[in-house]
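This report introduces a protein model to a reader who has not met it before. The sequence and the structure are shown first, and the description follows.

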Amino acid sequence: MDRISVDALEEHQLEEVRQSVRRERDIEANKALSVAIMGHTGVGKSSLLNVLFGTRFPVGDVKPATRRPQAISVPSNSGHTLTFWDMPGLGDSAEADAGYRAMYLEKLAECDVVIWAMHADSRCTDHEARCLNRLLDDAPPEEGRRIVGKLTYVLTKADLLTPPPWIFDMHGDRGTFVPSLALAGRMELKAAHVEQMVVEPWGDLLGAATYNTGDFALRDRRLDFDRQTVTYRGHFSREVCERYTAAHPEHAEVFSRLRDNHRVLPCSALFRFNLAALMVNVVGKLGPTAIFRFQRVLDDAAELAGVPVAAMREYGNFLVWDGIRGARAFDLGRLPI
Ligand SMILES: Nc1nc2c(ncn2[C@@H]2O[C@H](COP(=O)(O)OP(=O)(O)OP(=O)(O)O)[C@@H](O)[C@H]2O)c(=O)[nH]1
Ligand SMILES: [Mg+2]
């Protein structure tokens with residue numbers, strides 16, 4: 001074979017390699033993705049999906065309502081799907097838990113992201129941590145790092161964290177619930193505490209990743225990058241984030257996205273609070289290309305914050321009965337606005 005044909009062959013082979021890399025990248029970018037929502041019974045998993053996607057999954061006011069995994073699929077911009085799995089809640093009975101553990105392990109292995117939902121007004125973080133530890137003890141050891149990396153934590157029913165008050169920011173017949181400054185501060189402390197109890201202990205099993213828009217090129221013992229992705233090995237805590245941001249303020253957005261990987265997020269299905277932030281966290285965790293593929297899911301979630309004034313009045317309803325006069329003294333639901 002003369003020199004020219006060898007070059008031609010090499011070029012031909014190179015092209016094949018390029019095509020196969022492109023094919024793999026396309027498969028990766030278009031594969032169907034899935035998210036599971038897990039946690040104890042009654043934390044509001046089904047309610048959260050109902051408000052996010054308009055499903056009518058049964059909700060239990062008194063006893064567990066979800067007895068087997070149920071799914072809702074939403075399309076990406078490119079027509080591929082993102083499936084959310086609503087899981088039965090743990091903690092109903094030892095017997096039920098034994099059955100659900102196998103389901104949880106299966107979904108922990110197969111789903112790309114797992115939302116772990118916890119009551120915002122509970123202090124049982126140790127119980128949650130032990131529950132996750134037990135689940136991971138049952139997983140093959142090499143699965144551990146992969147599973148830990150999928151977890152994102154939410155504090156549900158944040159509307160119950162009061163006082164200090166919630167503020168209803170009204171625009172016409174709708175409005176959005178926002179926490180007062182004092183309440184936002186308390187929520188932040190609460191989230192930081194939960195992060196310390198359930199995220200931090202995983203230590204170096206943790207990793208954070210986000211997409212690289214192209215201009216991020218910092219590398220150190222823990223931080224790494226390629227053209228598509230920026231990664232951090234370990235817990236990207238608030239302190240770590242602040243340190244990097246102070247040193248490289250031009251990359252504040254990248255650090256904030258890395259921080260999203262380990263942020264514990266308070267949210268409320270009832271108040272439609274932080275639903276868009278939750279979706280940003282979830283989609284961000286799905287990988288560097290997901291944020292572009294699922295822009296529509298993010299846009300839809302951003303539309304969800306509005307609550308009709310009539311509904312708001314019901315949530316805030318509070319009646320004082322004057323027992324001496326035998327009359328209604330104060331009824332928040334009837335006060336004129
Ligand atoms: N205040 C308040 N209550 C909520 C919220 N979300 C759900 N709930 C209530 O919490 C209770 C349980 O809700 P579900 O959605 O059935 O909880 P779940 O986690 O799916 O429960 P299981 O299916 O048993 O695991 C119901 O009474 C809901 O109305 C919320 O954001 N705020
Ligand atoms: Mg449920």
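A residue is called buried if 20 or more other C-beta atoms lie within 10 Å of its own, exposed if 12 or fewer do so, and partly exposed in between. By this criterion, the buried residues of helix α2 are Lys45, Ser46, Ser47, Leu48, Leu49 and Leu52. The model discussed here is a predicted one.

**Overall architecture**

The protein has 337 residues, of which 31% count as buried. Its secondary structure comprises 12 helices and 14 strands. The C-alpha trace spans about 110 × 50 × 40 Å along its principal axes. Among contacts with a separation of 6 or more, 64% are between residues 24 or more positions apart.

**The surroundings of ligand 1**

Ligand 1 has 22 residues around it, and those that come nearest are Gly44, Ser47, Pro64, Thr66 and Gly89. The shell consists of 8 nonpolar, 10 polar and 4 charged residues. Helix α2, residues 45-53, supplies the largest share of this shell, with 3 residues. Just after α2, glycine 54 adopts a positive phi of about 70 degrees.

**The packing of α4 and α6**

Helix α4, residues 125-137, packs against α6 at an angle of about 30 degrees, and the two axes are 9 Å apart. Because angles under 35 degrees count as roughly parallel, α4 is roughly parallel to α6. The crossing of α4 past α6 is right-handed. On the side of α4 the contact is made by Thr125, Asp126, Glu128 and Ala129, and on the side of α6 by Val194, Met197 and Val198. By class, this contact has 4 nonpolar, 1 polar and 2 charged residues.

Glutamate 200 lies in the loop between α6 (181-199) and β8 (207-211). Glutamate 200 counts as exposed because it has 12 C-beta neighbours inside 10 Å. Leaving aside its neighbours within four places in sequence, glutamate 200 is in contact with Glu195 and His235. Glutamate 200 and phenylalanine 236 are 36 residues apart in sequence, with their C-alpha atoms 9.3 Å apart in space.

**Backbone features in the loops**

The loop between β5 (151-156) and β6 (166-171) contains proline 163, and proline 164 is found there too. A cis peptide bond joins threonine 162 and proline 163, with omega at about -10 degrees. Another cis peptide bond joins proline 163 and proline 164, with omega at about 0 degrees.

Lysine 157 also lies in the loop between β5 and β6, whereas arginine 272 is found in the loop between β11 (265-266) and α9 (275-285). The table gives the phi values of these residues, neither of which is a glycine.

| Residue | Phi | Sign of phi |
|---|---|---|
| Lysine 157 | near 55 degrees | positive |
| Arginine 272 | near 55 degrees | positive |

Lysine 157 is buried because 24 other C-beta atoms lie within 10 Å. Arginine 272 is likewise buried, with 20 other C-beta atoms within 10 Å.

Arginine 272 is also one of the residues touched by alanine 305, which contacts Thr176, Arg272, Leu275 and Ala276 when residues up to four places away in sequence are not counted. Alanine 305 itself lies in the loop between α11 (295-302) and β12 (307-308). With 18 C-beta neighbours inside 10 Å, alanine 305 counts as partly exposed. The C-alpha atoms of alanine 305 and arginine 146 are separated by 33 Å, and the two residues are 159 residues apart along the chain.

Key
Residues numbered from 1 in each chain as written. Chains lettered and ligands numbered in written order. Predicted model: local features only at pLDDT ≥ 70, side-chain atom pairs only at ≥ 80, totals over all residues. Near = placed C-beta within 6 Å. Helix = DSSP H or I, 4+ residues; strand = E, 2+ residues; numbered from the N terminus. Nonpolar A, V, L, I, M, F, W, Y, C, P; charged D, E, K, R; others polar. Contact = placed C-beta atoms within 7 Å. Axes fitted to C-alpha atoms, helices over the stretch in contact; angles between N-to-C directions. Parallel < 35°, antiparallel > 145°, perpendicular 65-115°, else oblique. Left-handed = near helix turned anticlockwise from the far one by under 90°.
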